[in-house]
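Q: I'd like a close look at one part of this chain, with the charged side chains as the way in. Could you walk me through it in one go?

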Amino acid sequence: MGEERPRKLSFIDCSMDQIGTAITSEWTDWKFNGQFWSTILTGEPPMEFRLIGNRTLEFWIRCYNRWQDLGRKSKSKAPGKVDGLELEMILNFPRHRLKDICKLFDPAGYKRLESEGISGPALARMKVSMVSLFTAGVLLSQLIAPKDKLRFIFGLADHDDSRTLDEMQFVNFITAFVRGLGSAFGLMSKESMMPSLEVIRELGRRLYDRISAKAAERLMSMSQSSEVTRDMLIKAIKERQAKLERAQSLEVDEVNGLPKYGENVPLRQVINYKVVEAWCFREFKDPLALPYALAIERFCARGSGADLYHLKSEEWFLSHSEVVEVPQEELETSREVKLPDRWQVLFVRDVYELCVEEGSFQLTFSETEYGLRRPLTLELWELVAEAMHKTMDDVRGQPTFIQFLKKAFPGAKAKHLSTFESWCQQYDDLQKRGHEMDLLTEAAELFAKKSRMPVLPADDQARLEREFEQMDVEGTGFVEVAAIERHWGWDDEQTRNIIAKCPGRKGTALRPKGLNPATDETRDP
């Protein structure tokens with residue numbers, strides 16, 4: 001048997017082994033967590049994440065504003081962790097759907113919901129980290145542009161709305177990135193795979209120093225090629241030195257221990273959004289950025305599907321002091337957008353799943369009809385034929401359902417695609433409820449059948465229970481056939497004959513008293 005080849009990523013010509021080697025060769029004293037990042041870069045989030053998967057930027061900003069409102073009402077900061085009742089208000093989801101989110105982002109709270117039910121008191125004891133939830137929801141959405149994803153997540157850490165990150169804020173950004181993804185993939189309760197909080201924060205501090213140094217190197221390189229840039233850099237350095245000299249005589253901030261400067265603002269080292277963004281997008285060519293950059297790339301629309309979201313203005317930012325205005329989506333006026341019906345979206349989903357199962361998006365009419373086990377009309381074939389063709393031409397690796405939807409309905413915008421996914425989820429929920437109803441109906445019919453049986457006389461029931469206890473010498477609650485044979489002196493043939501003639505197989509069956517108290521009195525012999 002040949003040696004197992006390293007697993008390559010589907011969206012880039014690179015393997016997990018190559019990523020690990022690149023990082024450890026740069027940081028020889030750091031252990032790369034291959035299990036964690038392999039799950040993020042090659043696995044899929046569990047079904048429970050579907051509820052918040054592929055939501056639009058508009059959805060998440062509205063949720064963010066409602067979260068911030070909780071802090072404004074109490075005249076404090078928005079709570080880092082919220083209970084189930086607050087989460088219900090923030091996400092505006094039905095209460096019964098919160099259980100799935102709790103399973104991923106609060107495993108301990110999920111266990112309480114399992115045992116106590118989705119009651120108000122049980123929901124009030126939930127503790128969900130909103131920063132982790134926001135980070136995971138935004139990062140894994142294919143309906144949000146990469147720059148908008150980073151701007152949102154930077155804003156979560158940028159508590160002073162300065163559009164820069166100091167060391168502590170950057171560490172919080174890395175922590176939210178890792179723990180948010182870990183929660184979304186159901187890894188928070190898997191200690192062998194999930195990095196500890198201490199490890200993540202130490203990693204964040206080291207990365208902050210590294211990015212700062214690389215940004216400085218980049219500035220020095222730029223200054224050597226342009227006199228204007230060199231003059232600007234010298235001026236900035238002199239201003240910085242002047243601030244440092246003045247800071248020595250200023251009072252110290254009681255909260256963070258840093259000297260205050262200007263209008264009661266602590267002097268600190270910061271990195272602006274664009275520098276961190278450049279690092280995340282691999283512009284610094286830093287091997288240590290690979291896991292974060294690839295996590296962003298994997299869950300973004302690729303190829304011609306990268307135009308899923310158009311904003312009228314790129315100048316939007318989160319704020320911890322003001323309500324965030326929802327960015328408006330650019331409307332497409334060059335052509336009329338015709339949106340599909342629900343059944344058409346479900347049909348496209350069936351074709352997509354068939355193509356994934358067959359491992360090809362080049363299926364013929366006959367192959368598609370045979371695979372779906374139903375006849376196709378020319379209209380249905382035209383709906384998916386071009387989508388399959390464009391998918392093969394434009395998308396590298398296995399396409400996502402969102403990408404296939406975009407090919408099938410090219411005029412659909414991000415909010416439409418999110419609605420289409422919701423339709424599929426609603427259909428799946430209905431199918432699941434229908435199956436559960438069938439099981440309940442079957443159980444009710446069985447109960448009714450048992451209830452119509454005559455009641456076993458009380459003396460006979462007591463005698464059988466005593467004999468059962470005598471046979472169940474270990475008190476396990478059940479007895480083997482061999483124990484019955486020993487107690488009553490039967491051989492194998494007798495046992496088989498008696499069981500074959502047992503009430504319930506032939507003749508009149510009896511039921512124990514108490515199965516249906518409402519009919520016991522009228523059916524007692």
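Is Lys99 buried, partly exposed or exposed?

A: Lys99 has a relative accessible area of 22%, so it counts as partly exposed. Bear in mind that this is a predicted model, so let's keep confidence in view as we go. The mean pLDDT of the chain is 80, and 80% of its residues reach 70 or more.

Start with the partner of Lys99. Glu114 forms a salt bridge with Lys99, and the closest N and O atoms are 2.4 Å apart. Glu114 sits in helix H6 (residues 107–116) while Lys99 belongs to helix H5, so this pair ties together parts that are 15 residues apart in sequence. As for the surroundings, Glu114 is partly exposed too, given its relative accessible area of 46%. The general idea is simple: side chains of opposite charge can pair when their charged atoms come close.

Just ahead of helix H5 there's a backbone detail to look at. Asn92 lies in the loop between helix H4 (84–91) and helix H5 (98–105). Its phi is near 60 degrees, a positive value in a residue other than glycine. That stands out because most residues other than glycine have a negative phi. With 62% relative accessibility, Asn92 counts as exposed.

Now for another charged pair. Arg125 forms a salt bridge with Glu116, with 2.5 Å between the closest N and O atoms. Arg125 comes out as partly exposed, at a relative accessible area of 37%, and Glu116 is likewise partly exposed, at 40%.

Stepping back, how do these pairs sit in the whole chain? A search of the whole structure finds 19 salt bridges. One of them pairs Arg50 with Asp428, whose closest N and O atoms are 3.2 Å apart. This one links distant parts of the chain: Arg50 is in the loop between helix H2 (34–42) and H3, Asp428 is in helix H19 (residues 414–451), and 378 residues separate them. Arg50 has 28% relative accessibility and therefore counts as partly exposed; Asp428, with a relative accessible area of 24%, is partly exposed as well. The pair also belongs to something wider, since Arg50, Arg349, Glu353 and Asp428 are linked in a network of salt bridges.

For contrast, take a charged residue on the inside. Arg210 is found in helix H11 (residues 197–225), and its relative accessible area of 14% makes it buried. Its side chain makes a polar contact with the side chain of Asp286, at 2.9 Å. Leaving aside neighbours within four places in sequence, Arg210 touches Glu26, Trp27, Asp286, Pro287 and Leu288. Lys285, the residue numbered just before Asp286, is another backbone case. Lys285 has a positive phi of about 55 degrees although it is not a glycine. You'll find it in the loop between helix H13 (273–280) and helix H14 (290–298), and at 73% relative accessibility it counts as exposed.

Arginines turn up over rings as well. Arg151 lies over the face of Phe317, 4.7 Å from the ring centre, and Arg373 does the equivalent over Tyr370, at 4.4 Å from the ring centre. Phe317 is also part of an aromatic cluster, whose members include Phe36, Trp37, Phe154, Tyr208 and Trp279.

While we're on rings, the search of the whole structure finds 28 aromatic pairs. In one of them, the ring centres of Tyr64 and Trp67 are 5.7 Å apart and their planes are at 65 degrees, so the pair is edge-to-face. The two residues are 3 apart in helix H3 (residues 57–73), which means they are separated by about one helical turn. Tyr64 counts as buried at 0% relative accessibility, and so does Trp67 at 3%.

Last, a word on where to tread carefully. Among the elements of the chain, helix H8 (residues 130–139) has the highest mean pLDDT, at 96, and strand E4 (residues 260–261) the lowest, at 46. Over residues 1–5 the pLDDT stays under 50, and the model has 0 contacts there beyond four places in sequence. Residues 331–335 also have a pLDDT below 50, with 3 contacts in the model beyond near neighbours in sequence.

Note on methods:
Side-chain values use heavy atoms; hydrogens and water are left out. Helices (H or I, at least four residues) and strands (E, at least two) are DSSP runs, numbered from the N terminus. Buried means under 20% relative accessible area, exposed over 50%, partly exposed in between (1.4 Å probe, protein chains only). Rings of Phe, Tyr and Trp (its six-membered ring) pair if their centres lie within 6.5 Å; planes under 30 degrees apart count as stacked, over 60 as edge-to-face and the rest as tilted. A charge sits over a ring if NZ of Lys or CZ of Arg is within 6 Å of the ring centre and within 35 degrees of the ring normal. A salt bridge is a side-chain nitrogen of Lys or Arg within 4 Å of a carboxyl oxygen of Asp or Glu. A polar contact is a pair of N or O atoms within 3.5 Å; within protein, one must be able to donate a hydrogen and the other to accept it, and residues adjacent in sequence count only if both atoms are side-chain atoms. Contact means heavy atoms within 4.5 Å. pLDDT is the predictor's confidence in each residue, from 0 to 100.
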